[in-house]
Amino acid sequence: KPDGVFCLGRGKLEELAMLMQNTHADCVIFENTLSPAQENNLNRALGKKGLDKNGLILDIFAARAKSREGQLQVEAAQLNYLLPRLIGPGETKLETDRRHIHRRLDNVRRELAQVEKQRELKRRNRTKNRIKQAALVGYTNAGKSSLLNALTGADIYAEDQLFATLDT
């Protein structure tokens with residue numbers, strides 16, 4: 001029966017620890033969303049990194065974001081995800097880490113606001129100059145980048161992998 005402390009029962013936790021040891025796994029990924037406490041408890045119990053699919057997706061986004069705006073958006077999401085997961089040896093260290101993350105979040109938000117202003121200016125110029133626009137919208141891994149490359153001769157990264165293209 002699942003234990004709220006670990007998100008799985010103690011027997012499954014022991015089984016998972018043995019499986020990770022036998023397969024030399026570096027981490028385990030849970031489909032369920034883990035609370036910060038569950039993630040910390042799993043990391044401690046397994047001696048390895050345990051994360052949920054949200055953490056995995058953020059890691060993938062961080063690796064694939066190429067534009068400055070995309071990188072800033074991913075960094076803000078990662079910092080917000082990390083904030084409740086902070087652990088440390090003492091209250092002073094935790095407070096220092098929290099302040100550092102809040103300062104970085106403020107800086108990222110300011111930079112994003114600046115990027116958004118620049119994007120809005122470019123949008124207004126396109127509208128003023130009556131430049132035609134189109135959008136390709138669809139599910140991830142549906143072939144939007146491949147279609148864009150075929151239609152325009154662009155050289156957008158296109159691979160058969162989830163979230164291969166993150167930026168607009």
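Where does Arg85 lie? Look in the loop between α4 (68–82) and α5 (91–128). This is a predicted model, and Arg85 is a handy way into it. From there, the tour takes in a β-α-β unit built from β1, helix α2 and β2, then a pocket of about 830 Å³, and finally a couple of residues with positive phi, Cys7 and Arg130.

**Arg85 and its surroundings**

- Arginine or not, Arg85 counts as buried, because its relative accessibility is 11% and the cut-off for buried is under 20%.
- A polar atom of the Arg85 side chain sits 3.0 Å from the backbone oxygen of Tyr81.
- Leaving aside residues up to four places away in sequence, Arg85 touches Leu34, Ser35, Pro36, Glu39, Asn40 and Asp52.
- Some of those partners tie in with the β-α-β unit: helix α2 covers residues 36–46, and strand β2 covers residues 49–52.

**The β-α-β unit**

- β1, helix α2 and β2 together make a unit of the right-handed kind.
- The two strands, β1 and β2, run parallel and are joined by four bridges.
- To find your place in that pairing, start at Cys27, which stands opposite Lys49 in β2.
- Which residues of β1 are buried? Val28 and Phe30 are, and both point to one face of the strand, whereas Cys27 and Ile29 point to the other and are not buried.
- That is the regular pattern for a strand, where side chains alternate between the two faces of the sheet.

**The largest pocket**

- The largest pocket comes in at a volume of about 830 Å³.
- How many residues line the largest pocket? There are 29, and those nearest its centre are Lys144, Ser145, Ile156, Thr165 and Asp167.
- Two elements give two or more residues to this lining, namely α3 (53–64) and α6 (144–152).
- Of the elements, α6 gives the most, with four residues.

**Ser145, close up**

- Ser145, one of the residues nearest the centre of the pocket, belongs to helix α6.
- Buried or exposed, which is Ser145? Ser145 counts as buried, since its relative accessibility is 16% and anything under 20% qualifies.
- Not counting residues up to four places away in sequence, Ser145 touches Ile156, Tyr157, Ala158 and Thr165.
- Two of those contacts, Ile156 and Thr165, are also among the residues nearest the pocket centre.

**Arg99 on α5**

- Helix α5 is home to Arg99.
- Arg99 is partly exposed, because its relative accessible area is 46%, and that falls between the 20% and 50% cut-offs.
- Measure up Arg99 against Lys49 and you get 50 residues apart in sequence and 25 Å apart in space, C-alpha to C-alpha.

**Positive phi without glycine**

- Cys7 has a phi near 80 degrees, a positive value in a residue other than glycine.
- Cys7 sits in the segment before α1 (10–23), and with a relative accessible area of 16% it is buried.
- Arg130 isn't a glycine either, yet its phi is positive at about 55 degrees.
- You'll find Arg130 in the loop between α5 and α6.
- Arg130 counts as exposed, since its relative accessibility is 74% and the bar for exposed is over 50%.

Definitions and conventions
Residues are numbered from 1 along each chain as its sequence is written. This is a predicted model: local features need pLDDT of at least 70, side-chain atom pairs count only at pLDDT 80 or more; totals for chains, interfaces and linings use all residues. Side-chain values use heavy atoms; hydrogens and water are left out. Buried means under 20% relative accessible area, exposed over 50%, partly exposed in between (1.4 Å probe, protein chains only). Two strands pair if DSSP finds at least two bridges between them. A crossover is right-handed if, with the strands pointing away from the viewer, the path from the first strand over the helix to the second runs clockwise. A polar contact is a pair of N or O atoms within 3.5 Å; within protein, one must be able to donate a hydrogen and the other to accept it, and residues adjacent in sequence count only if both atoms are side-chain atoms. Contact means heavy atoms within 4.5 Å. On a 1 Å grid over the protein atoms alone, a cavity is a set of points where a 1.4 Å probe fits but cannot get out, and a pocket is an open set with protein on both sides within 12 Å along at least five of seven lines; lining residues have an atom within 4 Å of a point. Grid points are joined across faces, edges and corners, and a volume is the space filled by probe spheres set on the points.
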